[in-house]
Amino acid sequence: MDYLELTGRTDSHLTKVPGTEFLIYTPILDDFLDLQDSATKELIDLRIVSSYRNLDYQLKIWSEKAEGKRDLYNRDGKKLKYSQLNEEQILSAILNFTTLPGSSRHHWGTDLDLYDHTEFKNTDQKLLLINNEYEKGGPCFHLRTFMDNNKIFYRPFASDNLPISRELWHYSHRSESLKFQKSYTFEIFKRNIQEIEFPLKELIVRDLARYYQHCTSVSMP
Ligand SMILES: [Zn+2]
């Protein structure tokens, strides 16, 4: 895993999932297709919402949140009023659900946001990607319980004890993502931050070690 692959600066390590525009890390393609097959047998229409995201895309999400063009939420999923927040509060609100550009696991292609399309067929109901949809009674609860038994993919953001909020839709390929995770050192993190410009950067550079910790904390596979 080199610097470019770790930080969303290349897509040379990726392959398109057949029939879609989604890019994933080439070595996990077969495992993903097997997962989809076994989900189908359980009457789950398992689909990707988001897979690989490059650095520019992550920068765009970050900037829109920092500039109040995208909604901000607290850890309980409650929408926050942008105009009432100071810079530190905006930063901490963004970091509840969005990691720093260049530090997203979505850059690796090993991480996928998944949902069950079944209940969204023939309705106007839109997927919001909120935890409630994956709780009992929600349209993706069946998918969640199905995934509980999976040994190959796991949820890295499923605990309330992490700096990044629970994301019940986010799955990592256990063994392949671990290789990226181990390669994502503080030096890589620091170099990436130094090389890019983004809103609120001045708050980050004051305490790089703390933000490295924040952006790399996950449940262990
Ligand atoms: Zn995700």
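Which loop holds Asn122? Asn122 lies between strand 4 and helix 5. The model is a predicted one. The chain has nine helices and six strands. Its radius of gyration is 17 Å, close to the 17 Å that the globule rule gives for 221 residues, so the chain is as compact as a globular protein of that length.

**Overall build**

- The C-alpha trace spans about 50 × 40 × 30 Å along its principal axes.
- Of the 221 residues, 32% count as buried.
- Contacts between residues at least 6 apart in sequence were tallied, and 69% of them join residues at least 24 apart.

**The four-stranded sheet**

- Four strands form an open sheet in the order 3-4-6-5, with antiparallel pairing.
- Its edges are strand 3 and strand 5 (153–154), each of which pairs on one side only.
- In general, strands of a sheet pair through backbone hydrogen bonds, either parallel or antiparallel.
- Strand 3 (residues 46–50) pairs with strand 4 in the antiparallel sense, over four bridges.
- Leu46 has Asp116 of strand 4 as its bridge partner.
- Strand 4 also pairs with strand 6 (residues 170–173), again in the antiparallel sense, over three bridges.
- Two pairs of residues illustrate the register: Asp113 stands opposite His170 of strand 6, and Asp111 stands opposite Ser172 of strand 6.
- Strand 4 (residues 111–116) is mostly covered, with five of its six residues buried.

**Helix 5 across the sheet**

- Helix 5 (residues 141–148) lies across strand 3, strand 4, strand 5 and strand 6.
- Helix 5 runs at about 130° to strand 4.
- Which residues of helix 5 are buried? They are Leu143, Arg144 and Met147.
- These buried residues lie on the same side of helix 5, because they cover an arc of only 100° around the axis.
- As a rule, an α-helix has 3.6 residues a turn, so residues three or four places apart point the same way.
- The buried residues of helix 5 pack against strand 3, strand 4, strand 5 and strand 6.

**Helix 9 and helix 7**

- Helix 9 (residues 208–216) buries Tyr211, Tyr212 and Cys215.
- The three sit on the same side of helix 9, because their arc around the axis is only 110°.
- Ala209 and Arg210 are exposed on the other side of helix 9.
- The buried residues of helix 9 pack against helix 7 and helix 8 (201–205).
- Phe186 belongs to helix 7 (residues 186–195).
- Is Phe186 buried or exposed? Phe186 counts as exposed, because it has 12 C-beta neighbours inside 10 Å, and a residue is exposed at 12 or fewer.
- Phe186 and Gln213 are 27 residues apart along the chain, and their C-alpha atoms are separated by 8.8 Å.

**Nonpolar cores**

- The largest nonpolar core has 30 residues.
- Ile24, Leu46, Leu114 and Leu143 have the most contacts inside this core.
- Strand 2 (23–25), helix 2, strand 4, helix 5, helix 7 and helix 9 each supply at least two of its residues.
- Another core, of seven residues, lies apart from the largest one. Among its members are Ala66, Ile90, Ile94 and Leu95.
- Which residues does Leu46 contact, leaving aside its neighbours within four places in sequence? The contacts are Leu35, Gln36, Ala39, Leu114, Asp116 and Leu143.
- Asp116 is thus listed among the contacts of Leu46 and is also its bridge partner.

**Positive phi in two loops**

- Most residues other than glycine have a negative phi.
- Leu43 has a positive phi of about 65°, although it is not a glycine.
- Leu43 is placed in the loop between helix 2 (29–41) and strand 3.
- Leu43 is exposed, because it has 10 other C-beta atoms within 10 Å.
- Asn122 also has a positive phi, near 55°, and is a residue other than glycine.
- Asn122 counts as exposed, because it has 6 C-beta neighbours inside 10 Å.

Definitions and conventions:
Residues numbered from 1 in each chain as written. Predicted model: local features only at pLDDT ≥ 70, side-chain atom pairs only at ≥ 80, totals over all residues. Buried ≥ 20, exposed ≤ 12 C-beta atoms within 10 Å, placed from the backbone. Rg over C-alpha atoms; globule rule 2.2 N^0.38 Å. Contact = placed C-beta atoms within 7 Å. Pairing = 2+ DSSP bridges. Axes fitted to C-alpha atoms, helices over the stretch in contact; angles between N-to-C directions. Arc of directions from axis to C-beta. Core = buried A, V, L, I, M, F, W, Y, C linked by C-beta atoms within 7 Å.
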